[in-house]
Amino acid sequence: MYYSVSPFTEDARQPTQRGFCSQGRPHILTLLSLSNLPCCLYFSTYDVAVVGGGIVGLATARELLLRHPSLSFILLEKEKELAVHQSGHNSGVIHSGIYYTPGSLKARLCVRGATLAYEYCEKKGLPYKKCGKLIVAVEQEEIPRLKALYERGMKNNVRDLSIVDAKGIRDREPYCRGIMALDSPYTGIVDWRMVSLQYGKDFEEAGGTVVTESEVNDISMVKESPAGSSEGMKYPIAVRDKKGNEVRCRYVLTCGGLYSDRLSQMSGCSREPRIVPFRGDYLVLKPEKHYLVKGNIYPVPDPRFPFLGVHFTPRMDGSVWLGPNAVLAFKREGYKVYDFNARDFADALSFRGLQKLVLRNITYGIGEMYRGVVTGAQVKILRKYIPELSPNDVLRGPAGVRAQALDRDGNLVDDFVFDGGVGDVGSRVLHVRNAPSPAATSSLAIAEMIADEVETRFTL
């Protein structure tokens, strides 16, 4: 039951009934209006609280509620809307699973996730396009790596994968030039934010509660129960936000994305792996040049460098994005070049892991910063694939920020990391500290895995 002090009732401890959903918990509109109150005037009780309204948190909350419809679930999101950060600032690609080590968790989740994503979009009537992807070799030295990628993709059971020659490239992408390419027609595009919001809709329709503008800043054991109440025993975990509002629950799952490390510290976890934000800036093709690109065009990845490299990506709205680069963001949610947060900046620069990563990749990093400032330098790389492209054909576009997990040795953490913490709190909290790319493609498969982990750790 949800309690509040209301100016319209004489008894501040009476439950407010207006706006409650069918299971007796408050409707989202009621919660949003209550969340504007100036101090801690209410608390609510739920079986499970999910912190984080991005695609992974929403998919997992949905999966858990579908598995356990008799339990009560609440999802807390700090922004006014759901899925506005990584889930709403990405390339929109449905990946097929080519790049990942055969048999690895990432490979299995991506291949299954792509299948589930297409099936889900069909079922829900969400638009998508299977526009395919070419991974193009433009130099002879790239061909062995391209063939190794093909073998890797075949071992991962990627659908319809093939190698094509220069003529095959032109048949698929008339303006693209290369000597050999890997053709993945199963790769597609979708609006991942639209998919995320549909996950949230499923969750609410199944009886879940969503609260926005609730930035969690404390997860701890309930100190005492109200007089004559056993709720402290039944709901021993208190999740509090910056406004002083409190949710009491049996278990907590956090899917914090760019803030996953800081959420984890609330229950006594180590600071590592640390989240370091990398901003990716895109260019966009001018509308009159959209004919140059039909599907996704990617470079052959260079194992010496930590990211995939610039690529051509058509979007569901008809636009075409080119990029991104990869540079350190001075703010965890900083989508503009001059966005700055002192704590985020100091946190990143003081971390030995980032210092080691930068020293190992100093030339690459300087090049990425230069290409981020000088459009012509970015276009020069893109012209290797589409020679007709010129600086006059592009405009500066949007940006995204990637939550990159780093260990203390400067290695990119490329696998899933779960953590709980210490003491009584740790036994009732599960933190998803790292859900590596391609988390959007894999979201439904990741949700199954996290739900399995929750069921293993907790007694639901």
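Is Glu455 buried, partly exposed or exposed? Glu455 comes out as partly exposed, with a relative accessible area of 30%. Keep in mind that this is a predicted model, so let's start with how confident the predictor was before getting back to that residue.

**Confidence**

The chain has a mean pLDDT of 89, and 88% of its residues reach 70 or more. The stretch to treat separately is residues 1-41, where pLDDT stays under 50. For that stretch the model has 72 contacts beyond four places in sequence.

**Salt bridges**

The count for this model comes to 31 salt bridges. Here are three of them, with the N to O distance for each.

| Pair | N to O distance |
|---|---|
| Arg67 and Asp452 | 2.8 Å |
| Arg67 and Glu455 | 2.9 Å |
| Asp171 and Lys167 | 3.2 Å |

Arg67 turns up in two of these rows, pairing with Asp452 and with Glu455. Arg67 lies in helix H2 and Glu455 in helix H14, so this pair ties together parts that are 388 residues apart in sequence. The salt bridge between Arg67 and Asp452 does a similar job: Arg67 sits in helix H2 (residues 55-67) and Asp452 in helix H14 (residues 443-457), so parts 385 residues apart in sequence are tied together.

How covered are these side chains? Arg67 is partly exposed, at 29% relative accessible area. Asp452 also counts as partly exposed, at 38%, and Glu455 has its 30%.

Asp171 and Lys167 make a local pair instead: both lie in helix H5 (residues 166-172), four residues apart, or about one turn of the helix. Asp171 is partly exposed too, with a relative accessible area of 47%.

There's also a network to look at. Salt bridges link Asp261, Arg262, Arg271, Arg274, Arg332, Asp344 and Asp347. As background, side chains of opposite charge can pair when their charged atoms come close.

**A nonpolar patch on the surface**

Now for something without charges. Val358, Ile362, Ile366 and Met369 form a nonpolar patch on the surface, and together they have about 360 Å² of accessible area. Which helix gives the most to the patch? That's helix H11 (residues 362-373), with three residues. Val358 is found in helix H10 (residues 352-360). Val358 is partly exposed, with a relative accessible area of 39%, and patch residues need over 30%, so Val358 clears that cut-off.

Methods: Residues numbered from 1 in each chain as written. Predicted model: local features only at pLDDT ≥ 70, side-chain atom pairs only at ≥ 80, totals over all residues. Heavy atoms only, no water. pLDDT = per-residue confidence, 0-100. Contact = heavy atoms within 4.5 Å. Patch = residues over 30% accessible without salt bridge, like charges linked within 9 Å, V, L, I, M, F, W, Y side chains within 5 Å. Areas by Shrake-Rupley, 256 points an atom, 1.4 Å probe, with all protein chains shown as cover. Salt bridge = Lys/Arg side-chain N within 4 Å of Asp/Glu carboxyl O. Helix = DSSP H or I, 4+ residues; strand = E, 2+ residues; numbered from the N terminus. Buried < 20%, exposed > 50% of the residue type's maximum accessible area, 1.4 Å probe, protein only.
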